[in-house]
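Hi everyone, thanks for making time this morning. I'd like to walk you through one piece of a model, so please have a look at it with me.

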Amino acid sequence: MNLNEVIGRRLKAMRGQRNWSLEKTANATGVSKPMLSQIERGESNPTVSTLWKIANGLGVSFSSFLEEDQPAIKKVNTADVEPIADKDGTFLVRPLYPMEPGKSFEIYSVELLPGCHYTSEPHGDGVEEYILVEKGCLSLTVHQNYFNLSAGENIRFAADYVHVYENQENDPVRITMMIYYP
């Protein structure tokens, strides 16, 4: 099953568990009924922003759309994980360790291509992001605070504010992102 089919199946299941219509889901998420329907049928390749809107509207983690069961031991090769891209294709998110029952975090590998400017909407109250810069120089703005982070530098911040990721360099930036949910 491809990633779009997995996302669609999970979205439909979540909507069914809540007994929500497409209209109620659209109102809660800010994503149109036709787009939700296309995602559920696996006919749409949802962007990172669209998945975040849906996750926030449903009150679930971003990664809850990506995997269901987790084995006791899981080895992941980042290159083998299919990325989810923003609308410009410059912000590539690879879910490495999605949230599991009883765990309050998820881990991603993120690549920002040159010229990337990605704005993340606020997450829920108490959600924190941990960013570890692996390669390149990341420009990050969190609630009007601006940071330039180079490889080996890391940051933690409350993610209930708008935050902006930018790559102002000529080479890709690679970060590891952990999101903690209280």
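Let's start with E6 and strand E9, residues 163-166: these two run antiparallel and are joined by 4 bridges. If you want a pair to click on, take Thr 141, whose bridge partner in E9 is Val 164. I should say right away that this is a predicted model.

Now, E6 itself. Is this strand, residues 137-142, mostly covered or not? Mostly covered: 5 of its 6 residues are buried.

E6 has a second partner to show you. With strand E7, residues 145-150, E6 forms 6 bridges, again in the antiparallel sense. Here you can pick out Leu 138, which stands opposite Leu 149 in E7. E6 and E7 make a hairpin with 2 residues between the strands, and in that hairpin His 143 takes a positive phi near 45°. For those of you who like backbone torsions, that's one to look up.

Let's go over to the other side of E9. There, E4 and E9 share 4 bridges and pair in the antiparallel sense. Ser 120 stands opposite His 163 of E9.

So what order do the strands take in the open sheet? Reading across, the 4 strands go E4-E9-E6-E7, with antiparallel pairing. Strand E4, 117-120, and E7 are the edge strands, each pairing on one side only. On average, neighbouring strands of this sheet are turned by 20° against each other, if we ignore direction.

As a reminder, strands of a sheet pair through backbone hydrogen bonds, in a parallel or an antiparallel way.

That's my tour, and I'm happy to take questions!

Notes
Residues numbered from 1 in each chain as written. Predicted model: local features only at pLDDT ≥ 70, side-chain atom pairs only at ≥ 80, totals over all residues. Heavy atoms only, no water. Buried < 20%, exposed > 50% of the residue type's maximum accessible area, 1.4 Å probe, protein only. Pairing = 2+ DSSP bridges. Axes fitted to C-alpha atoms, helices over the stretch in contact; angles between N-to-C directions.
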